[in-house]
Amino acid sequence: MPVPKGVRGGVVTGWGIAVPDKVVTNDDLSLRMDTSDAWIVERTGIRERRIGGTTSELAIEAGRRALERAGRRPDEIDAVILATTTPDGIVPGTSATVQHGIGVPGGAFDVNAACSGFVYALSVAHGLLAIGAERLLVIGAETLSRITDWDDRSVAILVGDGAGAVVLEATDGPGQLLSWNLGADGSLKHLLKCDHGGYLYMDGKEVFRKAVRVVVESAEQAIAEAGLTPADIDVMIPHQANLRIISAACQRLGIPEEKAVVVIDRYGNTSSASIPLALDDALTTGRLEPGMNVLLTGFGGGMTWASAVLRWGG
Ligand code: UT7
């Protein structure tokens, strides 16, 4: 949807990430299961991933870094919104642990839209700014390693742990969000799932096929509703599930692949942490600058999908 004119908008004023110290390479995995570095790199683009910690620990660290960069104290934040599909437990929400850990006095809630979670959370955060919130901490954090069967090569080679956070502040002007869309199709829940006490299961081939289609449709819609064309997108920040999915989506959207930020080689698939990890990379390497048009787009279990177009800096 296009963001209506006159709505109180927001801008990202700080960002930060946290990843576990432990690096697990493809060669490490090939000692344990029937796979190889060559296969994983060719079929996914992943070279290594980080494993360890808990979702709340990673979220707290990333959140503190984002606050530091924004020059904000925890008591200036109205709410913590945590996108995660790997909460520390079922109850309480992990966001409450994060809120307490960081020392935010405001509210806290989890968003579970699988790998689309960060874009869902960011969209909801803009809604809260529109109704009066001043500052929000939006985090995507995951420990997929905890729900992975490390003998199942169909999933184990893909996943990693990590977190990324942004501070979102209200502005008087229109803010940075130009358009957004959220989608879901629960009839596809069997393609990617984890039951209570179980491990992550994925029909990789089918998820791949559907992912390319929904990402392209969702991104095209968000770009058009922002009043832009694919040629106007300066930086694309896609969910990092498979380099081949990113390439296929770029090709079909008509966005040159060089415009897509890729961190999957270093972190693997970190579900709702993958977009903020890539966003941080784009910002710290100077690829994303104020005034640029940036497309965030993701898909995941549910299935869910979500895209947002922002003019960086508002
Ligand atoms: O976050 C969102 C959710 N996840 C995704 O978006 C994942 C989407 N799917 C994928 O990324 C890919 O489907 C995978 C990476 C999971 C699998 O890649 P693929 O190209 O679809 O491989 P495949 O399942 O068609 O398998 C091709 C071959 C098979 O051998 P044969 O039958 O051709 O002899 C597999 O047995 O590769 C074999 N294979 C492997 N070999 C080494 C499958 N997995 C592995 C492996 N290591 N880990």
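**A walk from helix 10 into the core**

Let's start with helix 10, which is mostly covered: 10 of its 11 residues are buried. Bear in mind that this is a predicted model. The buried residues of helix 10 are a mixed bunch, including Ile275, Leu277, Leu279 and Leu283 but also Ser274, Asp280 and Asp281. Just after the helix comes Gly286, with a positive phi near 80 degrees.

Now step back to the loop that sits between helix 9 (264–267) and helix 10, where you'll find Ser272. Is Ser272 buried or exposed? Its relative accessibility is 0%, so it counts as buried. The Ser272 side chain comes to 3.1 Å from the backbone oxygen of Ala83. Setting aside neighbours within four places in sequence, Ser272 also has contacts with Thr84, Thr85, Cys115, Phe118 and Glu142, among others.

What does helix 10 lie against? Helix 10 (residues 274–284) packs on a sheet, where it touches strand 11 and strand 12, and its direction makes about 150 degrees with that of strand 11. That sheet is an open one of four strands, in the order 8-13-12-11, with mixed pairing. Strand 8 (177–184) and strand 11 (235–238) are at the edges with a single partner strand each, so each has one side without a neighbour in the sheet. On average, neighbouring strands here are turned by 10 degrees against each other, direction ignored.

The mixed pairing is easy to follow if you go in from each edge. On one side, strand 8 pairs with strand 13 in the antiparallel sense, over seven bridges; Leu177, for instance, has Leu310 of strand 13 as its bridge partner. On the other side, strand 11 and strand 12 run parallel and are joined by four bridges, and Met236 stands opposite Leu295 in strand 12. In a regular strand, side chains alternate between the two faces of the sheet. Strand 11 is a nice case to look at: Val235 and Ile237 point one way, Met236 and Pro238 the other, and all are buried.

Helix 7 packs on this sheet too, touching strand 8, strand 12 and strand 13, and its direction makes about 145 degrees with that of strand 12.

That brings us to the inside. The largest nonpolar core has 48 residues, and Met236, Leu295, Phe299 and Val309 have the most contacts within it. Two or more residues each come from helix 6 (153–156), helix 7 (204–225), helix 8 (243–253), strand 12 (293–300) and strand 13 (304–311). Which of these gives the most? Helix 7 does, with nine residues. Domain 1 (9–171) and domain 2 (177–311) both supply residues to this core, so the core lies between them. Nonpolar side chains do tend to be buried together in soluble globular proteins.

Phe299 is a good residue to click on. Leaving out residues up to four places away in sequence, Phe299 touches Val207, Ala211, Val214 and Val215, as well as Cys115, Ser116, His239, Ala241, Ile245, Thr304 and Trp305. There is also a second, separate core of 42 residues, which includes Val111, Ala113, Ala121 and Leu288.

Finally, zoom out to the two domains. Their centres, taken over C-alpha atoms, are 15 Å apart. Across the boundary, 47 residues of domain 1 are in contact with 43 residues of domain 2.

How values were computed
Residues are numbered from 1 along each chain as its sequence is written. This is a predicted model: local features need pLDDT of at least 70, side-chain atom pairs count only at pLDDT 80 or more; totals for chains, interfaces and linings use all residues. Side-chain values use heavy atoms; hydrogens and water are left out. A nonpolar core is a set of buried Ala, Val, Leu, Ile, Met, Phe, Trp, Tyr and Cys residues joined through side-chain atoms within 4.5 Å. Buried means under 20% relative accessible area, exposed over 50%, partly exposed in between (1.4 Å probe, protein chains only). Domain bounds come from an automatic or database domain assignment. Contact means heavy atoms within 4.5 Å. Two strands pair if DSSP finds at least two bridges between them. Axes are lines fitted to C-alpha atoms, for helices over the stretch in contact, and angles run from 0 to 180 degrees between N-to-C directions. A polar contact is a pair of N or O atoms within 3.5 Å; within protein, one must be able to donate a hydrogen and the other to accept it, and residues adjacent in sequence count only if both atoms are side-chain atoms.
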